[in-house]
Amino acid sequence: MDYAQQLAFFANILEQKRLVTALEGNASMIDRNAGLTYITPSGRMKLLLQKEDISVMGENGTQVGGRGKRSSEYLLHEAVYRTRPDVNAVVHCHCPYLTAYALRYQDFIVPENCSLHAVFRRFVCLPYGKNGTHEIHRGIETALSDSPVCLLSGHGVVCVSNSMESCIGLLEAAEGLAKTLWLAGQI
């Protein structure tokens, strides 16, 4: 499997779906056998990424490949991979509806009568932590123990799964749910 090629492909899809932008959001995949993490570079349009742009990180946190500078949120991705050995893909983004809920600094409770309640029950909202630091992922192991999605207070969203395809599907469903619930509240 060419992880860099796959991540560039899926990063393109994330931007096409407007889940990330050039300045906000990042995605990563991990090759646990090789001990390498592949992460989108900082400040780049995901639509234009080539496999050579993807940052490749070694187990010690040193960049060992790729021509792009690793995302400033690498520590967040690393924390997820460390605490969730079943996870091989992470997306951190600022999609508008879920991020709006994150700006409320409270958990997002999915109504029981909602069709997606079987998949999502609650998105825990972590306490505020400065981006690019270890503070941002404080409590993430608990927040992601019962849900593939959590909110970062005042900041954005994290979604995890065993594959990037699944991760994007979950994120898109969660964002759609947040949008629908917001619209329902406007009626």
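**Close-up views of a predicted model**

**View 1. Asn113, an exposed loop residue.** Asn113 counts as exposed, because its relative accessible area is 74%. The model shown here and in the other views is predicted. Asn113 sits in the loop that runs between strand 6 and strand 7. Strand 7 covers residues 122–123. Which distance separates Asn113 from Ser55, C-alpha to C-alpha? The two are 42 Å apart in space. Along the sequence, 58 residues separate Asn113 and Ser55.

**View 2. Helix 1 against helix 5.** Two packed helices are described by the angle between their axes and by the distance between those axes. Here helix 1 spans residues 3–16 and helix 5 spans residues 164–186. Their axes come within 11 Å. They cross at roughly 10°. Helix 1 is therefore roughly parallel to helix 5, since angles under 35 degrees count as such. The crossing of the two helices is right-handed. Helix 1 makes the contact through Leu7, Phe10, Ile13 and Leu14. Helix 5 answers with Met164, Glu165, Ile168 and Leu171. How do the residues of this contact divide into nonpolar, polar and charged? Seven are nonpolar, none is polar and one is charged.

**View 3. Glu165 on helix 5.** Glu165 is one of the helix 5 residues in the contact with helix 1. Is Glu165 buried or exposed? Glu165 counts as exposed, because its relative accessibility is 60%. In sequence, Glu165 and Ile13 are 152 residues apart. In space, their C-alpha atoms are 9.7 Å apart. Ile13 belongs to the helix 1 side of the contact.

**View 4. The largest nonpolar core.** This core has 40 residues. Which of them have the most contacts inside the core? They are Leu98, Leu151, Met164 and Leu171. Several helices and strands each supply at least two residues. The helices are helix 1, helix 3 (96–102) and helix 5. The strands are strand 1 (26–31), strand 5 (89–93), strand 9 (149–152) and strand 10 (156–161). Helix 5 gives the largest share of this core, eight residues. A second, separate core has 17 residues. Val80, Tyr81, Val90 and Leu126 are among them.

**View 5. Leu151 and its contacts.** Neighbours within four places in sequence are left aside here. Leu151 then touches Leu98, Tyr101, Ala102, Gln106 and Phe108, among others. Its contacts also include Phe123, Val124, Cys125 and Leu126. Gly156 and Val157 are in contact with Leu151 too.

**View 6. Helix 2, largely enclosed.** Helix 2 covers residues 74–83. How many of its 10 residues are buried? Seven are, so helix 2 is largely enclosed by the rest of the structure. The buried residues are Tyr74, Leu75, Leu76, His77, Ala79, Val80 and Tyr81. Two of these, Val80 and Tyr81, are included in the second core.

**View 7. Thr40, a buried loop residue.** Thr40 lies in the loop between strand 2 (36–39) and strand 3. Thr40 is buried, because its relative accessible area is 0%. Neighbours within four places in sequence aside, Thr40 is in contact with Leu7, Ala11, Asn26 and Ala27, among others. Leu49, Ile54, Arg70 and Ser71 are also in contact with Thr40.

**View 8. Asn60 and Gly65.** Asn60 is in the loop between strand 3 (55–57) and strand 4. Asn60 counts as exposed, because its relative accessibility is 63%. Asn60 and Leu36 are 24 residues apart in sequence. Their C-alpha atoms are 9.6 Å apart. Gly65 has its place in strand 4, residues 63–65. Gly65 and Ile54 are 11 residues apart along the chain, with 7.9 Å between their C-alpha atoms. What does Gly65 touch, not counting residues up to four places away in sequence? Gly65 touches Ile54, Ser55 and Val56.

**View 9. Positive phi at Arg18 and Tyr105.** Arg18 has phi near 60°, a positive value in a residue other than glycine. Arg18 is in the loop between helix 1 and strand 1. Arg18 is exposed, because its relative accessible area is 70%. Phi of Tyr105 is also positive, near 60°. Tyr105 lies in the loop between helix 3 and strand 6 (108–109).

How values were computed
Residues numbered from 1 in each chain as written. Predicted model: local features only at pLDDT ≥ 70, side-chain atom pairs only at ≥ 80, totals over all residues. Heavy atoms only, no water. Axes fitted to C-alpha atoms, helices over the stretch in contact; angles between N-to-C directions. Helix = DSSP H or I, 4+ residues; strand = E, 2+ residues; numbered from the N terminus. Parallel < 35°, antiparallel > 145°, perpendicular 65-115°, else oblique. Left-handed = near helix turned anticlockwise from the far one by under 90°. Contact = heavy atoms within 4.5 Å. Nonpolar A, V, L, I, M, F, W, Y, C, P; charged D, E, K, R; others polar. Core = buried A, V, L, I, M, F, W, Y, C linked by side-chain atoms within 4.5 Å. Buried < 20%, exposed > 50% of the residue type's maximum accessible area, 1.4 Å probe, protein only.
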